[in-house]
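Colleague: I am new to this structure and would like a close look at one part of it, the contacts between charged side chains. Please set the answer beside the other local features, so that I can find my way around.

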Amino acid sequence: IIRFTQLPSETVDPAVGFKLKWRITTVATATAAITHIRVETLSSDVAKDNYYPLDVVDIEVTALDISGNPVEDVQVLLIANSGGNLPYRESVTISNSSTTATVTHTSHGLSTNDKILIKGASHYQNNGVFQIVVTDVNTYTYTMLSAPGSSPSGTITATFVFISSDTDAQGKVKSSMYVASDQPVIGTARKSNTSPYYKTSTILDTVSSSNGASINTFMLLDE
């Protein structure tokens, strides 16, 4: 257990945090022996339960028009594709209680605050992209916007989500996370909410466990 108590003269901006370095050694060579570090703080119980990954990489998508100019407010969805370790269309079951959905997902390998794409549930409230809270190695929960009133049926699948957000003024959207091994990704980019409108473009790439990914997607006008 590593414990830090009242670090001297250290004022922490909660939006930025502070950098802390330490070296971990083992008595023998071990591949992926340590992947996460737990840091307990005087923050909330939820924050204390987070596990902070080592070797975080950046995954960035940039939306450009055909002239190479950035496109703002493009809706980007980037998810795991087949051929990697992260969940891709894996079969799950869901039990609903009010607005809380409990997902049974065998050996999911996920962490609290990861995002997952749920598809195929008979209740529309269960489908979509959700941030999860892990309860054990086979179960996690997420919160729906409204209560469906019963548990869903159907062929329900879960897929890991890297990015589900809109591009900024520079046409960029980014996430940072630990990726255990190279992971193929697939996704879409579209702008249909405000003019100028752009057609949906498809993203196919691979996130490197050591370098992440920097992906350009080119948008065609749709007006």
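Modeller: The charged contacts come first, and the other features follow.

The model is predicted, so local features need pLDDT of at least 70 and side-chain atom pairs count only at pLDDT 80 or more, while totals for chains, interfaces and linings use all residues. Residues are numbered from 1 along each chain as its sequence is written, and side-chain values use heavy atoms, with hydrogens and water left out.

There are two salt bridges in the structure; the term stands for a side-chain nitrogen of Lys or Arg within 4 Å of a carboxyl oxygen of Asp or Glu. One of them is between Lys174 and Asp58, whose closest N and O atoms are 4.0 Å apart. This pair links distant parts of the chain, since Lys174 is in strand β13 (residues 172-178) and Asp58 in strand β3, 116 residues apart. Strands (E, at least two residues) and helices (H or I, at least four) are DSSP runs numbered from the N terminus. Asp58 is partly exposed, with a relative accessible area of 39%. On this scale buried means under 20%, exposed over 50%, and partly exposed in between, with a 1.4 Å probe and protein chains only.

Glu60 and Lys172 form a salt bridge, with 3.6 Å between the closest N and O atoms. Here too distant parts are linked: Glu60 in strand β3 and Lys172 in strand β13 are 112 residues apart. Lys172 has a relative accessible area of 31% and is partly exposed.

Other charges gather without a partner of opposite sign. Glu72, Asp73, Asp166 and Asp168 make up a patch of negative charge on the surface. A patch is made of residues with over 30% relative accessible area and no salt bridge, like charges being joined within 9 Å and nonpolar side chains (Val, Leu, Ile, Met, Phe, Trp, Tyr) within 5 Å. Accessible areas come from the Shrake-Rupley method with a 1.4 Å probe, and for residues only the protein chains shown count as cover. Lys and Arg count as positive, Asp and Glu as negative, and His and the chain ends are not counted; the place of a charge is NZ of Lys, CZ of Arg, CG of Asp or CD of Glu. Asp73 sits in the loop between β3 (56-65) and β4 (75-80), and is partly exposed at 31%.

Next, the rings. A search of the whole structure finds two aromatic pairs. Rings of Phe, Tyr and Trp (its six-membered ring) pair if their centres lie within 6.5 Å; planes under 30 degrees apart count as stacked, over 60 as edge-to-face and the rest as tilted. Phe130 and Tyr142 are stacked, at 4.1 Å centre to centre and 20 degrees between the planes. Phe130 lies in strand β9 (residues 128-131) and Tyr142 in strand β11 (residues 139-143), so the pair ties together parts twelve residues apart in sequence. Both Phe130 and Tyr142 are buried. The centres of the Phe160 and Phe162 rings are 5.0 Å apart and their planes at 80 degrees, so this pair is edge-to-face. Phe160 and Phe162 are buried as well.

Last, the backbone. Ser195 and Pro196 are joined by a cis peptide bond, with omega about 0 degrees. Pro196 is in the loop between β14 (183-191) and β15 (198-207).
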